[in-house]
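Reader: Before I rely on any label in a description of a protein model, I would like to hear how each label was earned. Could we go through them one by one?

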Amino acid sequence: MSVVFSPLSVKILTEATTSTCPWFVSLRSKFTKSRIPKELFVERSKEHEKYGGDPNQPHKLHIVTRVKSAMRRPYWEKDMVKYLGLEKAHVPVIHKNTPSVNSQLKFVKHLVRIQPLKTPHGLPAEEDMADTYINSKGELIVHRLLKPVDPKAIES
């Protein structure tokens, strides 16, 4: 049994198989680098004035605070949140500003707020560490108590 197609039916079949659906767009074309805005690839060192940083003398410590939940996030983000000590939300944790810590923070940057730790009164001494606190502006304040004066100094 042989099937014979008429020229009209062959033309209809070839047009139907070669034409694509007008609403079909390849997913690959949506996520190429050419579709990502160029502003995302611009060097960010120009933003130091905006955030109050100095590129020549970067801050030594970060104040990292988790502001979003890690629920419904991938396991590697949950592990990184736990590793960085950010299990509780809105509790600040201090980390060093090193490349290894910064690469870990890059994985959870959408879940955390990172501020520089400013020391307007200088770094505290070892005995003053118990009297320090961090205010809402990200400054490390040393609350020094007055020490009694030697009685010999009062007599003279």
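Author: Gladly, and please keep in mind throughout that this is a predicted model. The protein holds six helices and five strands, and from the N terminus on its elements run α-α-α-β-α-β-α-β-β-β-α.

Reader: What makes Glu77 a buried residue?

Author: The label buried asks for a relative accessible area under 20%, and Glu77 has 7%, so Glu77 is buried. In α4, Met80 and Val81 are buried as well.

Reader: How do you know that the buried residues of α4 line one face of the helix?

Author: Seen down the axis of α4, the buried residues fall within an arc of 100°, and they therefore line one face. On the other side of this helix, Tyr75, Lys82 and Tyr83 are exposed. The cover over the buried residues of α4 includes β1 and α5, and just after α4 comes Gly85, which takes a positive phi of about 80°.

Reader: Why is the pair Arg73 and Glu77 called a salt bridge?

Author: The term requires a side-chain nitrogen of Lys or Arg within 4 Å of a carboxyl oxygen of Asp or Glu; the closest N and O atoms of Arg73 and Glu77 are 2.8 Å apart, so the pair qualifies. The structure holds one salt bridge. Of its two partners, Glu77 is buried, whereas Arg73, with a relative accessible area of 32%, is partly exposed.

Reader: Which residues make up the largest nonpolar core, and what makes it a core?

Author: The largest nonpolar core has 12 residues in all, namely Val64, Ala70, Met80, Val81, Leu84, Leu86, Val93, Val101, Leu105, Val108, Leu111 and Val112. The elements that give two or more residues to this core are α4 and α5. The set is called a core because its members are buried residues of the nonpolar kinds, joined through side-chain atoms within 4.5 Å. In soluble globular proteins, nonpolar side chains tend to be buried together.

Reader: What does Val81 touch, leaving aside residues up to four places away in sequence?

Author: With those sequence neighbours left out, Val81 touches Arg66, Ala70, Leu86, Glu87, Val108 and Leu111.

Reader: Why is Val67 called partly exposed?

Author: Partly exposed is the range between buried, under 20%, and exposed, over 50%; Val67 has 33% relative accessibility, so it falls between the two cut-offs. Val67 has its place in the loop between β1 and α4, and, not counting residues up to four places away in sequence, it touches His90, Leu111, Val112 and Arg113. Val67 and His110 are 43 residues apart in sequence, while their C-alpha atoms are 8.9 Å apart in space.

Reader: Why do Arg72 and His90 count as exposed?

Author: Exposed means a relative accessible area over 50%. Arg72 has 81%, so it is exposed, and His90, at 56%, therefore counts as exposed too. Arg72 is found in the loop between β1 (61–66) and α4 (75–83), and His90 lies in the loop between α4 and β2 (93–96).

Reader: What is said about phi in Arg72 and in His90?

Author: Phi of Arg72 is near 65°, a positive value in a residue other than glycine. His90 likewise is not a glycine, and its phi is positive, at about 60°.

Reader: Which residues make the nonpolar surface patch, and what lets Phe107 belong to it?

Author: Tyr75, Trp76 and Phe107 make a nonpolar surface patch of about 400 Å². A patch residue needs over 30% relative accessible area; Phe107 has 47%, so it passes that cut-off, although it is called partly exposed. Phe107 is found in helix α5 (residues 99–107).

Reader: How is Gly122 placed, and what makes it partly exposed?

Author: Gly122 lies in the loop between β3 (112–116) and β4 (132–134). Its relative accessible area is 26%, which is neither under 20% nor over 50%, so partly exposed is the label that applies. Gly122 and Val142 are 20 residues apart in sequence and, from C-alpha to C-alpha, 8.9 Å apart in space.

Reader: What share of the protein is buried, and how much accessible surface does it have?

Author: Buried residues make up 16% of the 156 residues. The accessible surface comes to about 13,600 Å², and 60% of it belongs to carbon and sulfur atoms.

Key:
Residues numbered from 1 in each chain as written. Predicted model: local features only at pLDDT ≥ 70, side-chain atom pairs only at ≥ 80, totals over all residues. Heavy atoms only, no water. Patch = residues over 30% accessible without salt bridge, like charges linked within 9 Å, V, L, I, M, F, W, Y side chains within 5 Å. Areas by Shrake-Rupley, 256 points an atom, 1.4 Å probe, with all protein chains shown as cover. Helix = DSSP H or I, 4+ residues; strand = E, 2+ residues; numbered from the N terminus. Buried < 20%, exposed > 50% of the residue type's maximum accessible area, 1.4 Å probe, protein only. Contact = heavy atoms within 4.5 Å. Arc of directions from axis to C-beta.
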